[in-house]
Amino acid sequence: MRLGIISALAEEQQGLIEALQSPSRHVHGMREYTTGKLWEIDAVCVLSRIGKVAAAMTATILVEKFGVTHIVVTGVAGSGDKSVRVGDVVVADTLLQHDVDASPLFPRFEIPLTGLSSFATDLALTERLAIAAAPVTRVHRGLIASGDQFIGKLTQIQALKAALPDLLAVEMEGAAVAQVCFELGIPFAVIRTISDNANDDAAVDFMHFIKTVASRYAFDIIQNFCRA
Ligand code: SAH
C-alpha cells in the first residue's frame, strides 16, 4: 500500500507530517506533498486547500504523479444530524456532491454521465478507519455531503437535511475525492471530526475546535490506522 492522506487545512493534519520518517518534500501545482514512512506505511501527506476543485486536483496528482494506491481524507465537518455531536467522528459509507444539480437533464445530485449520485467508499479501508477511531471518540457511519459552501446558516442545513434525510455530515472536499477515486479505480475512505453544527454558530465554533481537538483526533486515528 502507498497511502495518500489529504486534509484541507494545516490544523487538520498537524503532527502527521512531523511523524513522517525520512520525509521528502515536493512542491507541485501550489501544493506541498511530503512522502515518507508513517508507522511503517509508505505515505504521502498533502494539504488540498478548501473546496471540491482543489480536492479533486490534489487526489488526481497523488495518484498520477506520486503513485498512491489508496487515499484517506481526514478533517472536520459540520453535523448533518441531531444524533451527531461536536467531537464525534463520522466515517463515510457514501459521499454525495450536494451542490450538483443538472436537472431537468439529470436528477438532482446525479453526476452527469456516471449515472450515480453518490459514491461508496472502500469497505476494508472504511472499517479499518472506524476501528481506529473507536478508542478515540464516538463513531457514526453513513452519508457525508460535500459542496463549495461553508454551511453556516440554520436554514441551509435544514434545506439540505430535507433533501437528504440520511445526511450525517457536511464538508467541502470528500465527495470530490470520491469521484476522482471512483473514476481512477482507487480505494478510498473519508473520516471527519464534527467541528460545528452547520448552523448560525458554525463559524464561531470552528477554528478554536480544530486547533484544540480535531487535530489531535486526526493524529491519533491515523496512528491507530497505520499500526493496525
Ligand atoms: N474559517 C476557515 C474556513 C474553513 S472552510 C478559514 O478561514 O480557513 C471549512 C473547512 O472545514 C472545509 O475544508 C470543510 O471541509 C470543513 N467544514 C467544517 N465545517 C463545515 C461546514 N459547516 N460546512 C462546510 N464545510 C465545513
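Reader: What makes the ligand nitrogen and Gly78 a polar contact?

Author: A polar contact is a pair of N or O atoms within 3.5 Å (within protein, one must be able to donate a hydrogen and the other to accept it, and residues adjacent in sequence count only if both atoms are side-chain atoms). The nitrogen atom of the ligand is 3.3 Å from a polar backbone atom of Gly78, so the pair fits the rule. An oxygen atom of the ligand lies 3.0 Å from a polar backbone atom of Met172, and a ligand nitrogen is 2.7 Å from an N or O atom in the side chain of Asp196. Please keep in mind that this is a predicted model, where local features need pLDDT of at least 70 and side-chain atom pairs count only at pLDDT 80 or more, while totals for chains, interfaces and linings use all residues. Residues are numbered from 1 along each chain as its sequence is written, and side-chain values use heavy atoms, with hydrogens and water left out.

Reader: How many residues surround the ligand, and what makes a residue near?

Author: A residue is near if one of its heavy atoms lies within 4 Å of the molecule. The shell has 17 residues, the closest being Ile151, Glu171, Met172, Glu173 and Asp196. The elements giving two or more residues to this shell are β5, β9 (167-171) and β10; strands are DSSP runs of E with at least two residues, helices are runs of H or I with at least four, and both are numbered from the N terminus.

Reader: Why is a space in this protein called a cavity?

Author: On a 1 Å grid over the protein atoms alone, a cavity is a set of points where a 1.4 Å probe fits but cannot get out, and lining residues have an atom within 4 Å of a point. The count comes to 1 cavity of 30 Å³ or more, and the largest cavity has a volume of about 60 Å³. That volume is the space filled by probe spheres set on the points, which are joined across faces, edges and corners. Its lining includes Thr74, Arg192 and Tyr217, and α6 gives the largest share, 5 residues.

Reader: Why is the aromatic pair of Tyr33 and Phe66 called stacked?

Author: Rings of Phe, Tyr and Trp (its six-membered ring) pair if their centres lie within 6.5 Å; planes under 30 degrees apart count as stacked, over 60 as edge-to-face and the rest as tilted. Here the centres are 4.5 Å apart, with 20° between the planes, so both cut-offs are met. Tyr33 lies in strand β3 (residues 31-38) and Phe66 in the loop between α2 (52-64) and β5, so the pair ties together parts 33 residues apart in sequence.

Reader: Where is a cis peptide bond found?

Author: Ser103 and Pro104 are joined by one, with omega about 5°. Pro104 sits in the loop between β6 (89-97) and β7 (118-120).

Note on methods
On a 1 Å grid over the protein atoms alone, a cavity is a set of points where a 1.4 Å probe fits but cannot get out, and a pocket is an open set with protein on both sides within 12 Å along at least five of seven lines; lining residues have an atom within 4 Å of a point.
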